[in-house]
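Q: Hi, could you walk me through this structure? I'm new to this, so plain words please.

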Amino acid sequence: MPETPKKEMTFFDHLGELRWRLVKCIIAILILAIVIFIYETEIVEGLFLGMAKPDFITYDFLCSISQATGMEESLCASEIKLQMIDTKMSGQFTASIYIAIIGGIVIAFPYIFYQLWSFVKPGLKKNEIHGSKGIVFWASLLFALGILFGYYIVSPLCVQFFGTYSISDDIAKMPIFSEYISMITTTTFWTGILFELPMVIFIMSKIGLIGPEFLRTYRKHAVVVVLILAAIITPPDFISQIIVAVPILLLYEISIFVSASVAKKAKV
């Protein structure tokens with residue numbers, strides 16, 4: 001018996017499907033956000049306030065490297081004397097909601113990407129789908145690596161620098177709690193997004209918007225942009241900028257390889 005041809009979806013059918021997939025994503029984020037909100041005290045004290053202490057894992061690691069390479073204690077963290085304040089009646093509650101939502105998005109990222117990919121996938125050709133095998137896994141892995149890098153490298157460097165920087169000893173360091181939380185979550189989240197660069201290049205190469213020659217041609221420009229970006233999101237010291245810049249430049253080189261691989265398969 002011959003197969004019944006599938007009915008072609010209209011614009012409104014596609015719009016309805018996209019809306020339903022977005023609803024699924026929002027539900028997943030809200031469920032995870034509720035769980036995070038329930039354990040907000042443990043999360044804030046363990047993941048956020050712990051970063052202000054000199055025994056945080058990143059500070060211990062950098063200090064051990066400093067001592068092992070004969071740099072004495074130049075990379076060891078200084079004690080951060082912070083007294084958090086809350087200047088708004090709803091400040092801590094707002095910060096808790098913010099942590100819960102961002103945390104929900106981070107944890108639900110694989111599911112969110114899967115839903116968006118499932119929406120785009122039917123519009124691709126068979127060879128394009130075959131060449132994109134494992135895309136959800138790689139996108140999720142890159143995002144997770146970015147989150148880990150942002151949390152354990154970029155954010156601690158920012159907390160250590162801004163927490164110890166002082167113009168005068170007569171000025172007390174009393175940061176607003178919500179600003180402290182926002183700095184860590186924002187830095188960590190956007191580092192995760194930044195690590196999606198190879199995936200973005202892969203998709204753009206697939207649809208023909210960019211190619212390996214373009215990326216190679218503007219490699220020097222990319223290095224300058226990355227160094228400027230590293231200088232913006234890290235404390236103004238050479239070591240911190242290099243620690244952040246090197247992985248991003250490595251991701252750019254990986255992106256060139258990915259784009260070249262896509263272009264090679266397209267010619268076959």
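**A chat about the fold**

A: Happy to! Let's begin with one residue, Ser96, which is found in helix α4, residues 91–107. Keep in mind that this is a predicted model.

Q: Is Ser96 buried or exposed?
A: Ser96 is buried, with a relative accessible area of 11%.

Q: And what does the side chain of Ser96 make a polar contact with?
A: With the side chain of Glu40, at 2.5 Å. If we leave aside neighbours within four places in sequence, Ser96 is in contact with Phe37 and Glu40.

Q: OK, zooming out. How many helices and strands are there in the protein chain?
A: The chain has twelve helices and zero strands. Reading from the N terminus, the elements go α-α-α-α-α-α-α-α-α-α-α-α.

Q: What share of the residues is buried?
A: Buried residues make up 34% of the 268 residues in the protein chain.

Q: And what part of the contacts join residues at least 24 apart?
A: Take the contacts between residues at least 6 apart in sequence: 81% of those join residues at least 24 apart.

Q: Can you show me an example from the start of the chain?
A: Sure, try Ile29 in helix α1, which covers residues 11–38. Ile29 and Gly103 are 74 residues apart in sequence, but their C-alpha atoms are 8.4 Å apart in space.

Q: Which residues is Ile29 in contact with, leaving aside its neighbours within four places in sequence?
A: Ile101, Gly104, Ile105, Ala108 and Ile112. Ile29 counts as buried too, at 15% relative accessibility.

Q: New topic: helix packing. How do people describe that?
A: Two packed helices are described by the angle between their axes and the distance between the axes.

Q: Then how do the axes of α7 and α9 cross?
A: Helix α7 (residues 135–164) and helix α9 (residues 197–206) have axes that come within 9 Å and cross at roughly 145°.

Q: Which residues meet there?
A: On the α7 side there are Ile135, Trp138, Ala139 and Leu142, and they meet Pro198, Met199 and Phe202 in α9. The residues of this contact divide into seven nonpolar, no polar and no charged.

Q: Staying with α9, which of its residues are buried?
A: Pro198, Met199, Ile201, Phe202 and Ser205 are buried in α9. They cover an arc of only 160° around the axis, so they sit on the same side of α9.

Q: What follows α9?
A: Gly208 follows α9, and its phi is positive, near 80°.

Q: I like rings. How many aromatic pairs does a search of the whole structure find?
A: It finds 13 aromatic pairs. One of them is Phe56 with Tyr152: the ring centres are 6.3 Å apart and the planes are at 20°, so the pair is stacked.

Q: Where do Phe56 and Tyr152 lie?
A: Phe56 lies in the loop between α2 (40–48) and α3 (57–68), while Tyr152 lies in helix α7, so the pair ties together parts that are 96 residues apart in sequence. Phe56 is buried, with a relative accessible area of 9%, whereas Tyr152 is partly exposed at 34%.

Q: Got another pair for me?
A: Phe149 and Phe195 form a tilted aromatic pair, 5.5 Å centre to centre with 35° between the planes. This pair links distant parts of the chain, with Phe149 in helix α7 and Phe195 in the loop between α8 (177–194) and α9, 46 residues apart. Phe149 is buried, at a relative accessible area of 14%, and Phe195 is buried at 8%.

Q: Which residues do ring pairs link into a cluster?
A: Phe109, Phe113, Phe143, Phe189 and Trp190.

Q: Last stop: what about α12?
A: Helix α12 spans residues 238–267 and holds Val244. Val244 counts as buried, at 1% relative accessibility. The C-alpha atoms of Val244 and Leu229 are separated by 9.2 Å, and these residues are 15 apart along the chain.

Q: And Ser255, where is its place?
A: Ser255 is in helix α12 as well, and it is buried, with a relative accessible area of 1%.

Q: Which residues is Ser255 in contact with, leaving aside neighbours within four places in sequence?
A: Leu197, Pro198, Ile201 and Leu215. You've met two of those names before: Pro198 and Ile201 are among the buried residues of α9.

Definitions and conventions
Residues are numbered from 1 along each chain as its sequence is written. This is a predicted model: local features need pLDDT of at least 70, side-chain atom pairs count only at pLDDT 80 or more; totals for chains, interfaces and linings use all residues. Side-chain values use heavy atoms; hydrogens and water are left out. Axes are lines fitted to C-alpha atoms, for helices over the stretch in contact, and angles run from 0 to 180 degrees between N-to-C directions. Helices (H or I, at least four residues) and strands (E, at least two) are DSSP runs, numbered from the N terminus. Contact means heavy atoms within 4.5 Å. Ala, Val, Leu, Ile, Met, Phe, Trp, Tyr, Cys and Pro count as nonpolar, Asp, Glu, Lys and Arg as charged, and the others, Gly among them, as polar. Rings of Phe, Tyr and Trp (its six-membered ring) pair if their centres lie within 6.5 Å; planes under 30 degrees apart count as stacked, over 60 as edge-to-face and the rest as tilted. Buried means under 20% relative accessible area, exposed over 50%, partly exposed in between (1.4 Å probe, protein chains only). The arc is that of the directions from the helix axis to the C-beta atoms. A polar contact is a pair of N or O atoms within 3.5 Å; within protein, one must be able to donate a hydrogen and the other to accept it, and residues adjacent in sequence count only if both atoms are side-chain atoms.
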